[in-house]
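Q: I am new to this structure. Can you take me through how to read it, one feature at a time?

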Amino acid sequence: MDKRFTALQNDMDRRFESVDKRFESIDKRFESIDRRFEAMQKEMDRRFEAMQVEMNRRFEAMQVEMNRRFDAIDKRFDAVDKRFEALTKRIDRVMIWSYATTLTVGGLVVAALKLLP
């Protein structure tokens, strides 16, 4: 029985060594995967940083262009505002002249009616 036990123990030791080797190979694979993943992560970080720089450049260019266009629109609105102010002044003058003419004609009609028998 002692020989059987020793043979069984040797067989179990070999199997445990085999399992240990398999675990070591799996650990090596995971280490390899980790290295590849870290390399991919670094490459992705580099690309994202480059993309961020490009997006910032484009955004700043768009901001400058939008400011230029808004300035042009402000100038156009100022021109339209001046035209409305001139039109308002003309309408005010017409109203004053119309009011004065109406009062004058009304006064003349009243005077004519009083003077005529």
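Q: Which helix holds valine 19?
A: This is a predicted model. In it, valine 19 sits in helix H1, which runs over residues 2-115.

Q: Is valine 19 buried, partly exposed or exposed?
A: Buried means under 20% relative accessible area, and exposed means over 50%. Valine 19 has 34%, so it is partly exposed.

Q: Which nonpolar residues form a patch on the surface?
A: The patch consists of Val19, Phe23, Ile26, Phe30 and Ile33. Together they offer about 450 Å² of accessible area.

Q: Which residues form a negative surface patch?
A: Such a patch is made by Asp13, Glu17, Asp20, Glu24, Asp27, Glu31, Asp34 and Glu38. Take glutamate 17 from that list. Glutamate 17 is in helix H1. Its relative accessible area is 48%, so glutamate 17 is partly exposed.

Q: What about opposite charges? How many salt bridges does the structure hold?
A: To call a salt bridge, look for a side-chain nitrogen of Lys or Arg within 4 Å of a carboxyl oxygen of Asp or Glu. The structure holds eight of these bridges.

Q: Which residue pairs with glutamate 43 in a salt bridge?
A: Its partner is arginine 47, at 3.1 Å from N to O. Both residues belong to helix H1 and are four residues apart, about one turn of the helix. Now check their exposure. Glutamate 43 is partly exposed at 30% relative accessible area. Arginine 47 is exposed, at 55%.

Q: Which residue forms a salt bridge with glutamate 54?
A: Arginine 58 does, and the closest N and O atoms are 3.2 Å apart. Glutamate 54 and arginine 58 lie in helix H1, again with a spacing of four residues, about one turn of the helix. Glutamate 54 has 30% relative accessibility and counts as partly exposed. Arginine 58 counts as exposed, at 54%.

Q: Where do arginine 69 and glutamate 65 lie?
A: Both are in helix H1, four residues apart, or about one turn of the helix. Their side chains meet in a salt bridge of 3.2 Å, N to O. Arginine 69 is exposed, with a relative accessible area of 52%. Glutamate 65 is partly exposed, with 30%.

Q: Which residues do salt bridges with shared partners join into one network?
A: Asp11, Arg14 and Arg15 are joined in that way.

Q: Now the whole chain. How many helices and strands does the protein have?
A: It has one helix and zero strands.

Q: Why is the protein called more spread out than a compact globule?
A: Compare the radius of gyration with the globule rule. For 117 residues the rule gives 13 Å, but the protein has 49 Å, well over that value, so it is more spread out than a compact globule. The box filled by the C-alpha atoms adds to the picture: roughly 160 × 30 × 5 Å along the principal axes.

Q: What share of the residues is buried?
A: Of the 117 residues in the protein, 0% are buried. The accessible surface of the protein is about 12000 Å². Carbon and sulfur atoms account for 62% of that surface.

Q: How many positive and negative side chains does the protein have?
A: There are 25 positive and 22 negative side chains. To see how the two sets are placed, compare their centres. These centres lie 9 Å apart.

Conventions
Residues numbered from 1 in each chain as written. Predicted model: local features only at pLDDT ≥ 70, side-chain atom pairs only at ≥ 80, totals over all residues. Heavy atoms only, no water. Patch = residues over 30% accessible without salt bridge, like charges linked within 9 Å, V, L, I, M, F, W, Y side chains within 5 Å. Areas by Shrake-Rupley, 256 points an atom, 1.4 Å probe, with all protein chains shown as cover. Helix = DSSP H or I, 4+ residues; strand = E, 2+ residues; numbered from the N terminus. Buried < 20%, exposed > 50% of the residue type's maximum accessible area, 1.4 Å probe, protein only. Rg over C-alpha atoms; globule rule 2.2 N^0.38 Å. Lys, Arg positive; Asp, Glu negative; His and termini not counted. Charge placed at Lys NZ, Arg CZ, Asp CG, Glu CD.
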